[in-house]
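Got your viewer open and a selection box ready? Here's a walk through the model, stop by stop, with what to pick and what you'll find there.

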Amino acid sequence: MILAILLVWALLQFLVTGLVMPRGLDRATVMAGAASPVLALPALLIVLWLGAALGTLLSGRTKPADAILVTSFGLALWAAFGGTMSTWLTEHNVTQGPPTGAPYWPLLLDYIVLLLGMTGVAISGVLVARRGPLTKELRLHRIMPELPMGCAALAITVIVAGVCMWVLMGPAVGDTHRGQVYFATLVGFFAGAMAAQHVVGVRHPVWYWLAPFVAGLIGVIVAGLQPGLMIPDTYAQVNSIPAWWLVRPLPIEMVSVGLLAVVWSHAADSDSVQ
């Protein structure tokens, strides 16, 4: 498993960073903000799918959740060597002034690409590991009958995760620290998925895998519409402070760490009922 995670990180570092997206601690890991998004976005998709396939072969794991786990860990490790959301805001707001929604809207593209990427990760992991019927592995026939309760599980996961992140992210005007962002996101989605599984009882993992994307999209849309949402009046001319806690993680941080949390939560809950 460790070798598979390192393989995914190496592919991201040497193919994406090395070829189409040079970066560092002074540049946030945002694909839409790359010098050439036209190259960076498909490059990320290709590397994620390739990493999932090779990682599956290397680790010997056969479940879609395992492919997502390996890839998410590699993504989180890769993102840790770039800037934070505060860095992203500083890159866009070259002069001080009131917060605007302009830096947030491009992040929607990252969430869409990451959703496509992680969907492909789950599929490629199954195809490589089993070479069998995809529908059986992902149990897609169980999604529609679970639609009402599945949406409830998704909503509970997002709400509980959001509340936990609100408490753990620290003061609205505090610095954005990656360790704190990772910790708050991990705890939030782990608690949210556990709560949803115990309250609603829906077992299909897709409802929980969607939670980081939904939370992230809500965070970006609200921030784009209300960029000064949680910023006190005394900081009204500071445009490098994230609008609110759900937008403190960059899309790649929200998705990678959030997916790690819900996958671990689902595995822990499955073990507890056996």
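## The whole chain first

Colour by secondary structure and follow the chain: from the N terminus on, the elements run α-α-α-α-α-α-α-α-α-α-α. That comes to eleven helices and zero strands. Keep in mind as you click around that this is a predicted model.

Now switch to a surface view. The protein has about 11900 Å² of accessible surface, and carbon and sulfur atoms own 72% of it. Of the 274 residues, 51% are buried. For a feel of how the chain is put together, take the contacts between residues at least 6 apart in sequence: 83% of them join residues at least 24 apart.

## Stop one: inside helix 5

Select L114, which sits in helix 5 (residues 107-130). Is L114 buried or exposed? At 2% relative accessibility it counts as buried, because the cut-off for that class is under 20%.

Show what's around L114. Setting aside neighbours within four places in sequence, L114 is in contact with L44, L75, F213, P251, I252 and V255. Add S256 to the view as well: it is 142 residues from L114 along the chain, yet the two C-alpha atoms are separated by 9.2 Å.

## Stop two: two loops either side of helix 8

Go to A172, in the loop between helix 7 (147-168) and helix 8 (178-199). A172 is partly exposed, with a relative accessible area of 29%. Which residues does A172 contact, once its neighbours within four places in sequence are left aside? They are M230, I241 and R248. For a distance label, draw one from A172 to L229: C-alpha to C-alpha it should read 9.8 Å, for two residues 57 apart in sequence.

Then hop to the loop between helix 8 and helix 9 (206-209) and pick V200. V200 is buried, with a relative accessible area of 17%. Not counting residues up to four places away in sequence, V200 touches M149, A152, A153 and I156. A label from V200 to L154 also makes sense here: their C-alpha atoms are separated by 9.8 Å, with their positions 46 residues apart along the chain.

## Stop three: helix 10 and the tryptophans

Select V222 in helix 10 (residues 211-225). V222 is partly exposed, at 26% relative accessible area. Beyond residues up to four places away in sequence, V222 touches L229 and W244. V222 and W244 are 22 residues apart in sequence and 8.7 Å apart in space, C-alpha to C-alpha.

W244 is your way into the aromatics, so show ring side chains as sticks. How many aromatic pairs does the model hold? The count comes to four. One of them is W9 with F14: the ring centres are 6.1 Å apart and the planes are at 75 degrees, so the pair is edge-to-face. W9 is partly exposed, with a relative accessible area of 23%, while F14 is exposed at 55%.

Back at W244, look at its pairing with W245. These rings are edge-to-face too, 5.1 Å centre to centre with 65 degrees between the planes. Both W244 and W245 are buried. Now add W166 to the selection: ring pairs link W166, W244 and W245 into a cluster.

## Last stop: the cavities

Turn on a cavity display if your viewer has one. Across the whole structure, a search finds three cavities of 30 Å³ or more. The largest holds about 50 Å³ of space.

To frame that largest cavity, select its lining: M21, P22, R23, R27, A28, V30, G33, A34, W88 and E91. What does this lining look like by class? Colour the residues by type and you should get six nonpolar, one polar and three charged. R23, R27 and E91 are among the lining residues, and they belong to the charged class, because Arg and Glu are counted there.

Conventions: Residues are numbered from 1 along each chain as its sequence is written. This is a predicted model: local features need pLDDT of at least 70, side-chain atom pairs count only at pLDDT 80 or more; totals for chains, interfaces and linings use all residues. Side-chain values use heavy atoms; hydrogens and water are left out. Rings of Phe, Tyr and Trp (its six-membered ring) pair if their centres lie within 6.5 Å; planes under 30 degrees apart count as stacked, over 60 as edge-to-face and the rest as tilted. Buried means under 20% relative accessible area, exposed over 50%, partly exposed in between (1.4 Å probe, protein chains only). On a 1 Å grid over the protein atoms alone, a cavity is a set of points where a 1.4 Å probe fits but cannot get out, and a pocket is an open set with protein on both sides within 12 Å along at least five of seven lines; lining residues have an atom within 4 Å of a point. Grid points are joined across faces, edges and corners, and a volume is the space filled by probe spheres set on the points. Helices (H or I, at least four residues) and strands (E, at least two) are DSSP runs, numbered from the N terminus. Contact means heavy atoms within 4.5 Å. Accessible areas come from the Shrake-Rupley method with a 1.4 Å probe; for residues, only the protein chains shown count as cover.
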